[in-house]
Amino acid sequence: MDGSVEDVIGTVVLSEDLVGTGFPATDFHVAAFDEAGAQYELTYRVRTVPGPVDAPPPVA
């Protein structure tokens, strides 16, 4: 089975509780996924942006 950048290996639910504090050591979150015998790790930051932002297009 060949993988692609379109493969979904897990989901992350974002909330206001995850918004960073501005201190680098506290702004990162990690989500781990185990899919088909492979282990994946996603490190991410959540921040607010000024002004309205258009929602991204839905994933097909």
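In the predicted model, Val 30 lies opposite Thr 43 of strand S2. A second facing pair is formed by Ala 32 and Glu 41, the latter again in S2. These pairs belong to an antiparallel arrangement of S1 and S2, which spans eight bridges. Strand S1 covers residues 28-35. Strand S2 covers residues 38-45. The two strands form a hairpin with two residues between them. Within this hairpin, Ala 36 adopts a positive phi near 55 degrees.

The protein has two strands and zero helices. Its 60 residues include a buried share of 12%. The accessible surface amounts to about 5,700 Å². Carbon and sulfur atoms account for 56% of that surface. Contacts were also sorted by separation along the sequence. Of those between residues at least 6 apart, 32% link residues at least 24 apart.

The largest nonpolar core consists of five residues. Its members are Leu 18, Ala 31, Phe 33, Tyr 44 and Val 46. Contacts of Ala 31 beyond four places in sequence were examined next. Ala 31 touches Val 12, Tyr 40, Glu 41, Leu 42 and Tyr 44. Tyr 44 is thus listed both as a contact of Ala 31 and as a member of the core.

Val 46, another core member, sits in the segment after S2. Its relative accessible area is 12%. Val 46 is therefore buried, as this value falls under the 20% cut-off. Residues up to four places away in sequence aside, Val 46 contacts Leu 14, Ser 15, Leu 18, Val 19, Gly 20, Asp 27 and His 29. One of these, Leu 18, is 28 residues from Val 46 along the chain. The C-alpha atoms of Val 46 and Leu 18 are nevertheless 6.0 Å apart. Leu 18 also belongs to the core.

His 29 is a residue of strand S1. Its relative accessible area is 19%. Because the limit for burial is under 20%, His 29 counts as buried. Beyond four places in sequence, His 29 is in contact with Leu 18, Leu 42, Thr 43, Tyr 44 and Val 46. Among these partners are the core residues Leu 18, Tyr 44 and Val 46.

Phe 28 is also located in strand S1. With a relative accessibility of 47%, Phe 28 is partly exposed. This class applies because the value lies between the 20% and 50% limits. Neighbours within four places in sequence excluded, Phe 28 contacts Thr 43, Tyr 44 and Arg 45. Phe 28 and Tyr 44 are 16 residues apart in sequence. Their C-alpha atoms are separated by 5.5 Å. In a regular strand, side chains alternate between the two faces of the sheet.

Val 8 occupies the segment before S1. Its relative accessibility is 64%. Val 8 is exposed, because this figure is over 50%. Along the chain, Val 8 and Glu 35 are 27 residues apart. Between their C-alpha atoms the distance is 9.5 Å.

Key
Residues are numbered from 1 along each chain as its sequence is written. This is a predicted model: local features need pLDDT of at least 70, side-chain atom pairs count only at pLDDT 80 or more; totals for chains, interfaces and linings use all residues. Side-chain values use heavy atoms; hydrogens and water are left out. A nonpolar core is a set of buried Ala, Val, Leu, Ile, Met, Phe, Trp, Tyr and Cys residues joined through side-chain atoms within 4.5 Å. Buried means under 20% relative accessible area, exposed over 50%, partly exposed in between (1.4 Å probe, protein chains only). Contact means heavy atoms within 4.5 Å. Helices (H or I, at least four residues) and strands (E, at least two) are DSSP runs, numbered from the N terminus. Accessible areas come from the Shrake-Rupley method with a 1.4 Å probe; for residues, only the protein chains shown count as cover. Two strands pair if DSSP finds at least two bridges between them.
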